[in-house]
Amino acid sequence: MNKNMKILIVDDYKTMLRVIGNLLRQLEFTHIDEALDGSEALVKLRQGKYDLVISDWNMEPMNGLDLLKEIRADAKLSSLPFIMITAESKTDNVVAAKQAGVSNYIVKPFNAETLGKKLASVFANA
Amino acid sequence: MPHHLANTGPRSSTDMQSLIEQLICVLRTRRQAAEATLVAELQSISGYIQSVRSDLSTIGPEVKSQYIPTATDELEAISETTAEATNRIMDAAESIEAMVSGGTTADKAALTAAATQIYEACTFQDLTGQRVRKIVTALHAIEVKIDELIATFTARLGVTPVEQPPAAPAPEEDDGVVRAHGPQLPGVAKTQAEIDALMEGIG
């Protein structure tokens, strides 16, 4: 797995951006950017080149599922790996995310080991 | 038709008159019973309305003006306080992690592991924040319902009309849109293993 990949973390809780960012840095990823919701993320994704999106679901104005759908519908972004990290654990949520093309799904609260494994899994399948 | 009025063959006009009189008597008796039932039902409904009016008159405007806003503010304060505390914990963990470069390999590993555990534990703030948000939304919905009830009975109670309540959150519709539900309660929330199994099972 390329530790130089550029990762965009999307979450409306700044604490979570900080937590996920620190855990990624512990996993030796150094190119980490942040966005506070789906629309801000889309702007960044369309302006720069990213290798992975790690996003929360429950955000305003654009939530994580809608961000995922926008990415999959965008010809330039459609193959971008996308990991959902969310408290949404109901079956219909997981199914909807999977059907929308999520690469992997992590339920909160999570630990560093789970994050590392899911990252490895996404890029092993890429 | 009652058994004693059953048709048993040709009748004289006297017989027919007698039968009609019996029929009228039966219908009158039935109507009286139906009326009695109706009156009893109306009395029951009237008593219920009286009880609701009495309950509403004791709610008072402080529920809307004081209790619910106070509860909402307190919950939001909890969320802000935990966010501040979490950020301070994170500051401390980052400081500890920054010192890793100066120690032995074993020290580095131990400090990094400790910092990791602190970061992991700090995810609680996001979950509690989302739970607080759900409670605040529920309180607003209760506030709206109380407003609606009071407005309904305002004229009869002689109370000054309440202000137009804010729009209630739209009920979840079966429109094919999958909505966010927020954190599930412990025991209800799926584990990571269950999520993984679900992901594997979806084509």
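In which loop of chain A is A:Glu28 found? In this predicted model, A:Glu28 belongs to the loop between helix 1 and strand 2 of chain A, and the legends below begin with that residue.

**View 1. A:Glu28, in the loop that follows helix 1 of chain A.**
Just after helix 1 of chain A, the backbone at A:Glu28 takes a positive phi of about 75°, although A:Glu28 is not a glycine. Most residues other than glycine have a negative phi, and most peptide bonds are trans. Because 9 C-beta neighbours lie inside 10 Å of its own, A:Glu28 counts as exposed.

**View 2. Helix 1 of chain A and its buried residues.**
Helix 1 of chain A comprises 13 residues, 14-26, which at 1.5 Å a residue should span 18 Å, and the C-alpha atoms at its ends are indeed 18 Å apart, so the expected and the computed spans agree. The buried residues of this helix are A:Thr15, A:Met16, A:Leu17, A:Arg18, A:Val19, A:Ile20, A:Asn22, A:Leu23 and A:Leu24.

**View 3. The parallel sheet of chain A.**
Five strands of chain A form an open sheet in the order 2-1-3-4-5, with parallel pairing. Strand 2 and strand 5 of chain A stand at the edges and have a single partner strand each, so one side of each is left without a neighbour in the sheet. On average, and with direction ignored, neighbouring strands of this sheet are turned by 20° against each other.

**View 4. Strand 1 of chain A and the strands with which it pairs.**
Strand 1 (residues 6-10) of chain A is joined by five bridges to strand 2 (residues 31-35) of chain A, the two running parallel, and within strand 2 it is A:Asp33 that stands opposite A:Leu8. Between these two strands the chain passes through helix 1 of chain A, making a β-α-β crossover that is right-handed. With strand 3 (residues 52-55) of chain A, strand 1 of chain A pairs in the parallel sense over four bridges, and here A:Leu52 is the bridge partner of A:Ile7. Helix 2 (residues 38-47) of chain A lies across strand 1, strand 2 and strand 3 of chain A, and runs at about 160° to strand 1 of chain A.

**View 5. Cis peptide bonds before A:Pro61 and A:Pro109.**
The peptide bond that leads from A:Glu60 to A:Pro61 is cis, with omega near 0°, and A:Pro61 is found in the loop between strand 3 and helix 3 (64-73) of chain A. A cis peptide bond also joins A:Lys108 and A:Pro109, with an omega of about -5°, and A:Pro109 has its place in the loop between strand 5 and helix 5 of chain A.

**View 6. The contact between chain A and chain B.**
Chain A gives 32 residues to this contact and chain B gives 30 residues. On the side of chain A that touches chain B, two or more residues come from each of helix 1, helix 4 (91-100), strand 5 (104-107) and helix 5 (112-125) of chain A. The residues of that side divide into 16 nonpolar, ten polar and six charged.

**View 7. B:Ile118 in helix 3 of chain B.**
Chain B has five helices and zero strands, and of its 203 residues 8% count as buried. B:Ile118, which lies in helix 3 (residues 105-121) of chain B, counts as partly exposed because it has 19 C-beta neighbours inside 10 Å. Leaving aside neighbours within four places in sequence, B:Ile118 is in contact with B:Ile89 and B:Ala93, while its C-alpha atom is separated by 7.5 Å from that of B:Met90, 28 residues apart along the chain.

Conventions
Residues are numbered from 1 along each chain as its sequence is written. Chains are lettered from A and ligands numbered from 1 in the order in which they are written. This is a predicted model: local features need pLDDT of at least 70, side-chain atom pairs count only at pLDDT 80 or more; totals for chains, interfaces and linings use all residues. The expected span of a helix is 1.5 Å times one less than its number of residues. A residue is buried if 20 or more other C-beta atoms lie within 10 Å of its own, exposed if 12 or fewer, and partly exposed in between; C-beta atoms are placed from the backbone. Two residues are in contact if their C-beta atoms, placed from the backbone, lie within 7 Å. Ala, Val, Leu, Ile, Met, Phe, Trp, Tyr, Cys and Pro count as nonpolar, Asp, Glu, Lys and Arg as charged, and the others, Gly among them, as polar. Two strands pair if DSSP finds at least two bridges between them. A crossover is right-handed if, with the strands pointing away from the viewer, the path from the first strand over the helix to the second runs clockwise. Axes are lines fitted to C-alpha atoms, for helices over the stretch in contact, and angles run from 0 to 180 degrees between N-to-C directions.
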